[in-house]
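User: Could you take a close look at how the helices pack in this one, and then at a greasy spot on the surface? I'm new to this, so keep it friendly.

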Amino acid sequence: MSGSPTPAKPEGSFLGRAGPLVLARLFTAGLTLSIPLVLARVLHLDEYGTYYQLFLIATTLYYVLPFGVVQSLYYFLPRAEAKRPFLGQTLLFMSAAGLVGAAGVWGLLGYVAGWFSNPALMEYRLPLAAYTAFLLGSFPLEVSLTAQGRTRASAGVYLVSDAVRAAVMVVPPLLGASLYGMMVAVAAFAALRYAATWAVSLRGLTGPLASRALFKEQLAYAAPFGAAMLLAIPQQNAHLYAVAGAVAPALYALYRVGCFQLPVVDLLYTPTSEVLMVRLGELEREGRLEEGVNAFKEAAGKLAFVFLPFAAFLFAAAPEFISAMFGEKFLAAVPVFRISVLGVVLSILPMDGTLRARGQTRAIFASYAVKAAVTVPLVWLGVKHLGLMGGIGSWAVAELVGKAMLLTRVPAALSTPRLSLGIMDVIPWRELGKASLAAVAAAAGVFLLRAGAHGAWGHLPEGFLWRVLPLAVAGVLFATGYLVALYATGVRPLSVLAGLKPRRG
C-alpha cells in the first residue's frame, strides 16, 4: 500500500447516525419475528407452505422490478441541490412498477401454481396482486428519508410501518381469520403505506416533480444495478423455487423453516450499509476520499463483533432454537438451518453498498451474473440428487462465489490517486480474529451443554415456557462465554455498542 489516509478532525463515529435506524428496527424485530412463529401454530402445514409461496412471489417482484432506481437515491440525493425531481420521478417509476407486478401476478399465477403443484394459490390472486402493486409503490418511503440524512424520521417510519404490518399479519389469524383474510388485511396495509409514501417523501420540497434529463442520468446509474437485481434475486431464490416445485407444500414449509433467519442481519447490516453509502458520498463531495477505507473498516469491524457470535450461536443451538420457535415437528429442518446460517457471516463486509456509493454498479452486475451461472446447474443437480440439503447447499456455494467477486473490487473502489489499496488493507483483520476466537469458544460451551443435559431436557413438562428453557440456558451460557472471551482478548463490548449509539451530527 502506498500512502496512508490523513486523519481528519474527530467528528464522532459516522455509524452513530445509523443508531436511530438500528434502534427502530430492533424495537419492531420482535413483532416481525412473531409473524412466522404465530402462523406456524395457527395454520395447517399445507397452508403454512402456501403462505411462504405467496410471499416468495411478492418479494421476488419487490426486489426485481425497482431496477435499482430506488437505491440510486443514496447516490444522487446527498449530491443534489434540487432533490424533489429525483424523489418525484422515483415515486412515479415505482407506481408503474407496481402495476407491472400486479399484472404479472394476475396473468402468471396459474403457471406458478402448476409449477408448485399447489392449485390453492389461485384463490389468492386478487389480494396478492393488490399487495404487490402497493408494496412496490411504497418502496421509496424509508429510502427517501435516509438518503437525505433524515435518519430519525426514517427510523420513525420503520417503527410505525413494521409494527402495523406485523399486527395485520398476526392478529387476524389469531382471531380465527383464514389465510385469505390475512392476505386481504395485508393488501389494505400496503395501500395505506403507498399513500403515506407520497405524502412523506415530498414533504417540504419544492421544484418540478420530475425532470427528463435527471431521470435519464438516474436511470443510467441505476441500470447496471437493476440488471444485477434481475439476476441476483432469481438466483438467490432459485433454491426456494426449485424445492417448491419438487416437494409438497407441507415439506416446503419444513424447508422454509430451515431457511429462517432472525432479523438481526437486516437490523444492523441494512442501516449500516445505507449510512455508509451516504458517508462515502459526503467524503467525495468534501474531497476526503482517502478516509473511505476507514469508514468501511469501521462498519465491517463493528458488524463482525455482532454477526460472528450470532451465527456461531445459531449453529450450535440449532436444535434448541427450532424446537423453541416452531415446535418439535420442525426439528428435521435443523441441518438446513445450520447451512443457512452462513448468510449471516457473509454479511459482515458491506461490499455492495460501498460499490454502489462509488458508482461501480457494473461490478455488482458481473458478480451476480457469475452467481446465476453457478446457481442454475447447482440447484438442478442438488435438489434432484440431494433434496432439501442440495437446495440449501447450492445457495451457499453461489453466495460464497458472489461475495468473493465483490471483495476483489472493493479495494479499487476505495482507492484514490494518492492511496492504493489491496484486499489485505480493507479487511478489519484484528476485529475478525478476536470475534471469531470468542465466538468459537462460546459455541463449544453450547455443544458441551447439550451433551450433558440432553436427558434432562427430554423430561421437561409440556408448554411454551418449558420448551424455551433449553434455548434460554444455551443463550446465557453462550453470551457469558463470548463476553469473557472478548475481555480476554482486550475487547470491551460496550465500546462496540457505542459505535451504534445515536449522536447529534
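Analyst: Let's start with a pair: helix H4 passes helix H5 in a right-handed crossing (the near helix is turned clockwise from the far one by less than a right angle; anticlockwise would be left-handed). Bear in mind that this is a predicted model, where local features need pLDDT of at least 70, side-chain atom pairs count only at 80 or more, and totals for chains, interfaces and linings use all residues. Residues are numbered from 1 along each chain as its sequence is written, and side-chain values use heavy atoms, without hydrogens or water.

H4 covers residues 84–115 and H5 covers residues 125–137 (helices are DSSP runs, H or I, of at least four residues). Their axes, lines fitted to C-alpha atoms over the stretch in contact, come within 7 Å and cross at roughly 160°. H4 and H5 are therefore roughly antiparallel (over 145 degrees; under 35 is roughly parallel).

Now try H9 (residues 212–246) with H17 (residues 361–386): their axes are 8 Å apart, at an angle of about 15°. That makes H9 roughly parallel to H17, and the crossing of these two is left-handed.

Now for the greasy spot. Phe27 sits in helix H1, residues 19–42, and Phe27 is exposed, at 62% relative accessible area (exposed means over 50%, with a 1.4 Å probe and protein chains only). Phe27 joins Leu159, Val160 and Val164 in a nonpolar surface patch (nonpolar side chains within 5 Å, each residue over 30% accessible and without a salt bridge). Helix H7, residues 151–174, gives the largest share of that patch, 3 residues.

How values were computed: Patches are made of residues with over 30% relative accessible area and no salt bridge: like charges are joined within 9 Å, nonpolar side chains (Val, Leu, Ile, Met, Phe, Trp, Tyr) within 5 Å. Accessible areas come from the Shrake-Rupley method with a 1.4 Å probe; for residues, only the protein chains shown count as cover. A salt bridge is a side-chain nitrogen of Lys or Arg within 4 Å of a carboxyl oxygen of Asp or Glu. Buried means under 20% relative accessible area, exposed over 50%, partly exposed in between (1.4 Å probe, protein chains only). Axes are lines fitted to C-alpha atoms, for helices over the stretch in contact, and angles run from 0 to 180 degrees between N-to-C directions. Angles under 35 degrees count as roughly parallel, over 145 as roughly antiparallel, 65 to 115 as roughly perpendicular and the rest as oblique.
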